[in-house]
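Here are some notes on this model, written for a colleague who likes to check things in the viewer. Please keep the structure open while you read.

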Amino acid sequence: MPPVLIAMLTKPFRHMRLRNKLFALLGLVSLGPILLFAAYSYETMRTELTRQMYDSMAGTTGQVSANLKMKLDAYSKISSSLYLDRRLQTMLTNDYSSGTGYLEAYEYINNTFNNVLATNSDIADVVIYSTNPTLPADQVFIRRADDAMKRHAWYQAVEKAYGSVTFTVMGETNPSKEAVAQGIEERKPNRIVLARLLDNNSLNYPYGILTLDIPEADIFALMEKENVNKDVFIVGDDGTIISGKDKSLLGRNLYERLHGDQGEGATGSYFGTYDGERVYVVFSSVDNGWKTVSVVSYDSLMSNVKRAFSRLSAVGLVTGLVAILLIYAMARLFTKRIERLLHMTRRIEREDFDVRPGNPSHDELGQLSFAMVKMAGRMKALINEVYKKEISKKEAEMNMLQAQINPHFLYNTLASISALAIRSQDTRIQDMVGHLAKFYRISLNKGKRIITFGEELRLTKSYIAIQQLRFQGLLHIHEQIDEAASPYPVVKLMLQPFIENVINHAIWDDEAGINIILKARVEDDVLVLHVIDDGMGMRPEKLALLQPEWDGESSSGYGIRNVDARIKLAFGEAYGVQIYSRFGIGTTVQIRIPLSGLK
């Protein structure tokens, strides 16, 4: 796993309390297997129940399809026996234009068809629609093949069957009483009509159409006992419902309500939706294209699994709650001692070394607590011993650094006064001495080493005034001072060494002189000062010798490192002096001091 991804996943836990980390870890270790076991059990039960349901439904649909095939074959055989009956063929094709020969035909047909109905109780009616105009129609077994007949759906099917047996679903008829009394129409239930062309083995010369009416109820009887907790349908090859428990659906297309990918096989199963509800479907086909389709609600299928899973979840929940309570108690007991140890550590961090161990114990935490108490005692003794020495050392360093600055400047200033006095009796000498007095009044300041920036700025201006008297017209001072910077504390004689460096080393044109910019501004919680000149600048190797971090043996830049050292001693290592310079362009000195004051 990539480190970046690991970091992202573990980030929320880095700052979490140890108690919560232990609770989460132990909870995961304890509850994880319970949850995995519950999920595995649910999936196993679901898969096994689905398999068992498929086996049951596949057996049911297969048996219904087999029984349906036997029944349809039986009907086909009955139609074949009548189709091959030579005497019946003769009776239907004779010419009865004269005489009463048709009575013999009636007698034979009546006997034959009555025998068929008597021996096959599931056949409701047998009719021949005759094309012989000389044979009178009795409207019982013999009817006329007229235009009314041709409007029946079964006729349209038999026309396309080329002499084969056809089965057509016919809805129930519910004509008026007058139509029934007049013989115009019969009242019939839902039925399947077997139709076959009587053609004397020649499609060009049919002599009638044989129909057998098979009540839908007899087909439904094949699967009536199977319609428990599921719906079983017999459908045609186009999806038309032939038989089912809900009679209002007969004649409608099942696949308008049942959706799913059933594939291309003659048998199979799939998940689908029936009227918007998820269902499990098993189907089996018959030779003539009909199918037995079993549909069971998936929610019903899963009800037993859900009940078992609910019981399992209840047991798992109780077990989980007990585990959580035990884990929490253990995590709290363990982390409470660590919290006491942390509290002891924080007291030591605040330099409170008078700590006492908690309840004594001999495990790792007890030994660590005892060791911290001993360490706190030793630290207290050591600090008391070293503290006074360290303070004395720093005071001595500060005084020494301060003392190194003042004599050096005093000698230079006196030299300047002496030079001016020798050259001429100029009143400027008085001004120079006045500025010098102001300079020392602030710089000595009763031995204080920390003054406000406003005082440091006045001290620096006194120094600049003296040097302007010395170098007439060569020093051009520009100020960009934020007044908000005035009250903040700084180390004394902080800017003067950098002005002195500019005067002594940066002037390269004795006629144009040099520009010096003093900047001061407050940025967030830091006072930022700049001393900028447009003098000759420094080469990189020279600049390296002047940087505060230079620790080699060189007399160059002593004043710069002196200022940086005093700032770091007073305010901390994060603050001090930084120099930037380019040869021929100029030099910038940046000084950073915290607004919070001494560390």
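Are R191 and D213 buried or exposed? I come back to this pair in point 1, and please keep in mind throughout that the model is predicted.

1. **A pair in the interior.** R191 is buried, and D213 is buried as well. These two form a salt bridge, with 3.5 Å between the closest N and O atoms. R191 belongs to strand β4 (residues 191-198) and D213 to strand β5 (residues 208-215), so the bridge links distant parts of the chain, 22 residues apart. For your own check, buried here means under 20% relative accessible area.

2. **The overall count.** How many salt bridges does a search of the whole structure find? The search finds twelve. I pick out a few here, including the R191 and D213 pair from point 1.

3. **A link across a long stretch of sequence.** K69 and D287 form a salt bridge, and their closest N and O atoms are 3.6 Å apart. K69 sits in helix α2 (residues 18-83), while D287 is in the loop between β10 (277-285) and β11 (291-297), so the pair ties together parts that are 218 residues apart in sequence. The two ends differ in accessibility class: K69 counts as partly exposed because its relative accessibility is 32%, whereas D287, at 67%, counts as exposed. The pair also belongs to a network of salt bridges that links K69, D73 and D287.

4. **A bridge between two helices.** R87 and E104 meet through their side chains in a salt bridge, at 3.6 Å from N to O. Since R87 lies in helix α3 (residues 86-93) and E104 in helix α4 (residues 101-119), the pair ties together parts that are 17 residues apart in sequence. R87 counts as partly exposed at 44% relative accessibility, and E104 also counts as partly exposed, at 45%.

5. **The five-stranded sheet.** Now to a sheet worth tracing strand by strand. This open sheet has five strands in the order β13-β15-β16-β18-β17, and the pairing is mixed. Its edge strands, β13 (475-481) and β17 (576-582), each pair on one side only. From one strand to the next, the twist averages 15°. As a general reminder, strands of a sheet pair through backbone hydrogen bonds, either parallel or antiparallel.

6. **A hairpin's worth of detail on one pairing.** Strands β15 (residues 514-523) and β16 (residues 526-533) run antiparallel and are joined by eight bridges. If you want a spot to zoom in on, L518 stands opposite V531 in β16.

7. **Helices on the sheet.** Which strands does α12 touch? It packs on the sheet against β13, β15 and β16, and its direction makes about 165° with that of β13. Helix α13 (residues 496-506) packs on the sheet too, touching β13, β15, β16, β17 and β18 (586-594), with its direction at about 155° to that of β15.

8. **A residue to click on.** Q467 is found in helix α12 (residues 453-470). With a relative accessibility of 5%, Q467 counts as buried. Leaving aside neighbours within four places in sequence, Q467 is in contact with L475 and I503. The C-alpha atoms of Q467 and I499 are separated by 9.6 Å, and these residues are 32 apart along the chain.

Terms used. Residues numbered from 1 in each chain as written. Predicted model: local features only at pLDDT ≥ 70, side-chain atom pairs only at ≥ 80, totals over all residues. Heavy atoms only, no water. Salt bridge = Lys/Arg side-chain N within 4 Å of Asp/Glu carboxyl O. Helix = DSSP H or I, 4+ residues; strand = E, 2+ residues; numbered from the N terminus. Buried < 20%, exposed > 50% of the residue type's maximum accessible area, 1.4 Å probe, protein only. Contact = heavy atoms within 4.5 Å. Pairing = 2+ DSSP bridges. Axes fitted to C-alpha atoms, helices over the stretch in contact; angles between N-to-C directions.
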